[in-house]
Amino acid sequence: MSKASNIVKRNFHRDSVQLLHLSEEAKRIDGVKDAAVVMGTTTNKEILEKLGLLTDDGRAALESDMILAVIADSQALIAKAMQQIEEMILKPPSVKGRAFYSVDAALQAVPDANLAIVSIPGEHARGVVLKLLDKGVSVHLFSDHVPPEHELELKQYAKEKGLIVMGPGAGTSIIGGKAIAFANVVKRGGIGIVAAAGTGLQEVSVLLSEAGLGISEGLGTGGGDVKTRIGGMMTLQSIDALEQDPATGTVVVVSKPPDADVKQAVLDHIAKKTKKRYVICFVGPQSYEIPASVRARVTGTKTLHAAVIEVVRAADPTRHAEITKQFVMSGNELAAFADGISKGLNEKQRYIRGLYTGGTLAYETLVMLGPMIGDVYSNAPLDPKLKLADSYRSVKDSIVDLGEEEFTVGRAHPMIDPTIRKMRLVEEAKDPEVAVVVMDFMLGYGSHSDPAGAMLGAISDAKKMAARDGRVLPMLAHVCGTEQDPQSLSEQTAKLRNAGVEVLATNALMAIESALISRRGKITTSILEGAYKNFLEGF
Amino acid sequence: MGGKELAEKILQLFTSELKVINIGLDIFSDALKAQGVDVVQVSWQPPLKLEKEYEDVLSKML
């Protein structure tokens, strides 16, 4: 009879990725049926509970405590496994190459450092970033939960020093052709990107690269930059830099809708202070006014897909159609594709469930689905009325961003750790009203080494579960990555297709396809044409 | 600083060879090394939380 056991280590800290590796190592110990090594956050305790890994000892753990959890067949096996895990966690994390234990020591050793990546808990970021800026080092600040007053202080200081602070909450940058944090291996070229939306930067840079257009620089500013309190400080600074960068010909500005005053400030800045070609991508349902004086060189878009199409149109007007062929499917093609899938559904199956790891992609899907199918629930909805009461339980049509805080406190992001999405997919498969599941797979540096492979077990379990219930469960995927990424776009795509998952070239096409499948025949030609016009091209 | 001077150091960052200090998650160091970037890792630990009375004593001593 299997039994769970927990040991709690008081005030014992490892970062979320180290804990993920420790958990994987613990699961491989002889005699262990399941295991986890996590910080004692509420999210982690809920997940351990669902996996049958939590005991009263673990339930009493605090956020600053580490929980060692094991399931094995006997007390002796548990004791042996726990002893091994205790040895594992005491080993200092292995670091290849040079390592330091203080920022000062690192700065002394590398006096010519020009960039730092900071991914420590947000409340501790201020002091570290100030030290770096003092020494003339620009910062990619990956950390979340940096207090807003610290963000303002850090960005003002960076601006004074002529440096850049990307973030807080910056997931992605591409600098001098190198992928920083979660970023893809893209071709180099003349398109510069400023993005307050990390996976937005990834989708745009990947699609442009696959279209044969390269990226000069990709500057992630973090979502907070376009709020009134920051005023778009780093967005404007990045625009100035790309405007002066001789390697950049066209600039793309990507963000969820900025606060109204910041939106206006960015549009005014582009109209008055720039001369290059711009494609603005404020992902959202609302249009915005491009000043009349610059409409010949500035295009507005509402989705990442449309931004890519417009950049290609601007960069290579004569070969535009040929280049974008790989991303474009006509309404008729998508409808025929959807018919082929939806004919296997029974009449109860009518809802879409989106399980996203990329926040901007989840948002793009929400923006597009609204006009096609009406209300869509989410843990990060467009309309607060449509917020899921429980992020762990989908309702009707639901698009879930698994990278939101409630899923990530004390855990690695779902782009690295597939555990939460695997569990959720199986949950969705139990619901007889689900018509189609949509998922993104983010490739590139930083992400899981095999995100498609990691989901195959759960995909197969979910399909079998539906089959036992006399249903089929169609699944759609978009793989955001390039052939040159460590995981390889074609390999990841092939794994999903072999598992019976349909793969679409862009997230936006996947959103339309999911609407067509779930509403079979109820989306009129005019609705579909509206979606194409509004969301797949610029204005 | 104005627009042009402001952008100068950032432009240098685009064209200079990157020399990176990575503070926190070591996957980011590994990723940069795989791309041939010069990077050093700072293994950061949160400051120890002291009991209030020890903290008071220490702050008087230091």
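Domain bounds here come from an automatic or database domain assignment. Keep that in mind when selecting by domain. The model is predicted.

**Stop 1: chain A, whole**

Select chain A and colour four ranges. The assignment gives domain 1 (3-90), domain 2 (96-169), domain 3 (172-327) and domain 4 (329-535). Switch to cartoon: chain A carries 20 helices and 20 strands. Its radius of gyration is 24 Å, close to the 24 Å that the globule rule gives for 539 residues, so chain A is as compact as a globular protein of that length. Orient along the principal axes, and the C-alpha atoms fill a box of roughly 75 × 65 × 40 Å. Of the 539 residues in chain A, 54% are buried. Now turn to contacts between residues at least 6 apart in sequence: 71% of them join residues at least 24 apart.

**Stop 2: strand S3 in domain 1**

Select residues 66-72 of chain A. This is strand S3, and seven of its seven residues are buried. Show the side chains. In a regular strand the side chains alternate between the two faces of the sheet. Which residues of S3(A) point one way, and which the other? A:Met66, A:Leu68, A:Val70 and A:Ala72 take one direction, while A:Ile67, A:Ala69 and A:Ile71 take the other. Both sets are buried.

Add the strands that pair with S3(A). Strand S1 (residues 3-9) of chain A runs antiparallel to S3(A), joined by seven bridges. To find the register, pick A:Lys3: A:Ala72 in S3(A) stands opposite. Next add strand S2 (residues 32-39) of chain A. S2(A) also pairs with S3(A) in the antiparallel sense, over seven bridges. Here, pick A:Asp34, whose bridge partner in S3(A) is A:Ile71.

**Stop 3: A:Ala79**

Move along to helix H4 (residues 75-90) of chain A and select A:Ala79, which is found in that helix. Is A:Ala79 buried or exposed? Count the neighbours: 12 other C-beta atoms lie within 10 Å of A:Ala79. The cut-off for exposed is 12 or fewer, so A:Ala79 is exposed. Now draw a distance from A:Ala79 to A:Ser5. The two are 74 residues apart in sequence, yet 9.1 Å apart in space, C-alpha to C-alpha.

**Stop 4: domain 3 against domain 4**

Hide the rest and keep residues 172-327 and 329-535 of chain A, which are domains 3 and 4. Their C-alpha centres lie 25 Å apart. The contact takes 28 residues from domain 3 of chain A and 28 residues from domain 4 of chain A. On the domain 3 side, highlight strand S9 (178-181), helix H8 (198-210) and helix H11 (304-315) of chain A; each supplies at least two residues. Which of these elements gives the most? H8(A) does, with nine residues. Colour the domain 3 side by class: 14 residues are nonpolar, ten polar and four charged.

**Stop 5: a parallel sheet in chain A**

Find strands S15 to S20 of chain A. They form an open sheet of six strands, in the order S16-S17-S15-S18-S19-S20, with parallel pairing. The edges are strand S16 (377-378) and strand S20 (502-504) of chain A, each pairing on one side only. Zoom in on strand S15 (residues 351-356) and strand S17 (residues 398-401) of chain A, a parallel pair with four bridges. A:Tyr356 stands opposite A:Asp401 in S17(A). Then add helix H16 (residues 419-429) of chain A, which packs on the sheet. H16(A) touches S15 and strand S18 (434-442) of chain A, and its direction makes about 170 degrees with that of S15(A).

**Stop 6: chain B and its contact with chain A**

Select chain B. It has three helices and two strands, arranged α-β-α-β-α from the N terminus on. Of its 62 residues, 40% count as buried.

Bring chain A back. The contact takes 36 residues from chain B and 48 residues from chain A. On chain B, light up helix H1 (3-15), strand S1 (19-23), helix H2 (26-34) and strand S2 (38-42), the elements that give two or more residues. H1(B) provides the largest share, eleven residues. By class, the chain B side divides into 21 nonpolar, eight polar and seven charged.

Finish at the strand pairing between the chains. Strand S4 (residues 99-100) of chain A runs parallel to S2(B), and two bridges join them. Select A:Ala99 and B:Gln41 together: they are bridge partners.

Notes: Residues numbered from 1 in each chain as written. Chains lettered and ligands numbered in written order. Predicted model: local features only at pLDDT ≥ 70, side-chain atom pairs only at ≥ 80, totals over all residues. Pairing = 2+ DSSP bridges. Contact = placed C-beta atoms within 7 Å. Axes fitted to C-alpha atoms, helices over the stretch in contact; angles between N-to-C directions. Nonpolar A, V, L, I, M, F, W, Y, C, P; charged D, E, K, R; others polar. Buried ≥ 20, exposed ≤ 12 C-beta atoms within 10 Å, placed from the backbone. Rg over C-alpha atoms; globule rule 2.2 N^0.38 Å.
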